[in-house]
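Thanks for coming. I will take a few minutes on one structure, moving from a loop to the strands and then to the rings and the core.

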Amino acid sequence: MFVAFGSLAAVAACGQKSETGTAEAPKAAAAASQATAPAAATPVPTAWPKRKPGLWTQTMTLKAQGFTRSFRFCVDATSDEKMGLDSQGDDKRCQRKSMTRGADGSWTVVSACDMGPAGKTDSTIRVSGDFDTRYVMDMTSTTTGAAQPAMNGEHKMSMTAEWSGACPTGWSGGDVEMPGGRRINLLTKAVSGG
C-alpha cells in the first residue's frame, strides 16, 4: 500500500504497519530529508499550512526496512481539507499532545494513538518546506501492545513531496496513482486508469 497524503501526518502516526514495508493511509513518504536540529519552538494554535493545488510527487522511505515507494497524487482545496497534513486531528483514535512551530518555519506535532489490536503509538512528526513547491516530513513512532510483534518498537519514516504542476486531464482531487498506472480516489474510493 501507500501512505496517502500527509495524507502524510496521520498516515504514519496512526497507521504504520509491520516491517514488511507497508504503511496504511489515509495522509503520506521520502528520501533524505534536511535533517537539521530543530529551532526553538513555540506553541501554535493554528492548523498546518495548505498545500498548493495540483499534482504532487511523493516519495516515502521506511528507514529500517530500506523500503522506498513513490506515487503521484492530485490535490485540490477539498482533498487538502479532508486528507491534508493535519487530517490526524479528525481521527478519534488519536490525541494531539502538542503542536509547535519552530523559528525556522518547521512544524512539529507530538501525538498518541490507540489503534486497538494494532497497539498504542506515540509519534513525533516534523514537517518543513514551503508547501507550494516542496515539503519534507520526518516521523518517529514507538508502538507497544500490538498483536503482531513486528509492529512493536520504534519506526522511522521520511517523506519528500514535490509539486509537479497542474493535475493531468481526467484527474480529480484525491486521486492517487498506484504502480502500474491505476488511480484510486481516496475521497470517493473510485478506481480508474491502469
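Gln 148 is in the loop between β7 and β8. This is a predicted model, so please keep that in mind for everything that follows. With a relative accessible area of 46%, Gln 148 is partly exposed; the class runs from 20% to 50%, which is why this residue is neither buried nor exposed. Its C-alpha atom is separated by 7.4 Å from that of Ala 118, although the two positions lie 30 residues apart in chain terms, counted as the distance along the sequence.

Now the overall layout. The protein chain has two helices and eleven strands. In sequence order the pattern is α-β-β-β-α-β-β-β-β-β-β-β-β. The chain has 194 residues, and 48% of them count as buried. About 8,900 Å² is exposed, with 53% of that area supplied by carbon and sulfur atoms.

Next, the strand pairing on either side of β7. Strand β6, residues 120-129, pairs with β7 in the antiparallel sense over ten bridges. Within that pairing, Thr 124 has Thr 140 in β7 as its bridge partner. On the other side, β7 and strand β8, residues 153-165, are also antiparallel, over ten bridges. There, Val 136 stands opposite Thr 160 in β8.

β6 and β7 form a hairpin with four residues between them. Phe 131 is in that loop, and its phi is near 65 degrees, a positive value in a residue other than glycine. For context, most residues other than glycine have a negative phi. Is Phe 131 buried or exposed? Phe 131 counts as buried, because its relative accessibility is 3%.

Another positive phi, about 70 degrees, belongs to Lys 189, again not a glycine. Lys 189 sits in the loop between β10, residues 182-185, and β11, residues 191-193. At 58% relative accessibility, Lys 189 counts as exposed.

There is also a hairpin earlier in the chain. Strand β4, residues 94-102, pairs with β5 in the antiparallel sense over seven bridges. Thr 100 has Thr 108 in β5 as its bridge partner. Four residues separate β4 and β5 in this hairpin, and Gly 105 in the turn has a positive phi of about 90 degrees.

On to the rings. How many aromatic pairs does a search of the whole structure find? The search finds three. One of them is Trp 56 with Tyr 135, a tilted pair at 5.2 Å centre to centre and 50 degrees between the planes. Trp 56 lies in strand β2, residues 54-62, and Tyr 135 in strand β7, residues 134-144, so this pair ties together parts that are 79 residues apart in sequence. Trp 56 has 0% relative accessibility and therefore counts as buried. Tyr 135, at 0% relative accessibility, counts as buried too.

Phe 71 and Phe 73 form an aromatic pair that is tilted as well: 6.1 Å centre to centre and 45 degrees between the planes. Both Phe 71 and Phe 73 are buried.

The hairpin loop comes back here, as Trp 56, Phe 131 and Tyr 135 form one aromatic cluster. So the residue with the positive phi in the loop between β6 and β7 is part of a ring cluster, because Phe 131 is the residue in question.

One ring has a charge over it. The charged end of Lys 52 sits over the ring of Trp 163, 3.8 Å from the ring centre.

Last, the nonpolar core. Which residues touch the most other members of the largest one? Of its 25 residues, Phe 73, Val 127 and Tyr 135 do. The elements that give two or more residues to this core are β2, β3 (67-75), β5 (107-114), β6, β7 and β8. The largest share, four residues, comes from β3.

For Val 127, leaving aside neighbours within four places in sequence, the contacts are Trp 48, Ser 106, Trp 107, Tyr 135, Val 136 and Met 137. Two of these names have come up before: Tyr 135 is in the aromatic cluster, and Val 136 stands opposite Thr 160.

That is what I have; I am happy to take questions.

Methods. Residues are numbered from 1 along each chain as its sequence is written. This is a predicted model: local features need pLDDT of at least 70, side-chain atom pairs count only at pLDDT 80 or more; totals for chains, interfaces and linings use all residues. Side-chain values use heavy atoms; hydrogens and water are left out. Rings of Phe, Tyr and Trp (its six-membered ring) pair if their centres lie within 6.5 Å; planes under 30 degrees apart count as stacked, over 60 as edge-to-face and the rest as tilted. Buried means under 20% relative accessible area, exposed over 50%, partly exposed in between (1.4 Å probe, protein chains only). A charge sits over a ring if NZ of Lys or CZ of Arg is within 6 Å of the ring centre and within 35 degrees of the ring normal. Two strands pair if DSSP finds at least two bridges between them. A nonpolar core is a set of buried Ala, Val, Leu, Ile, Met, Phe, Trp, Tyr and Cys residues joined through side-chain atoms within 4.5 Å. Contact means heavy atoms within 4.5 Å. Accessible areas come from the Shrake-Rupley method with a 1.4 Å probe; for residues, only the protein chains shown count as cover.
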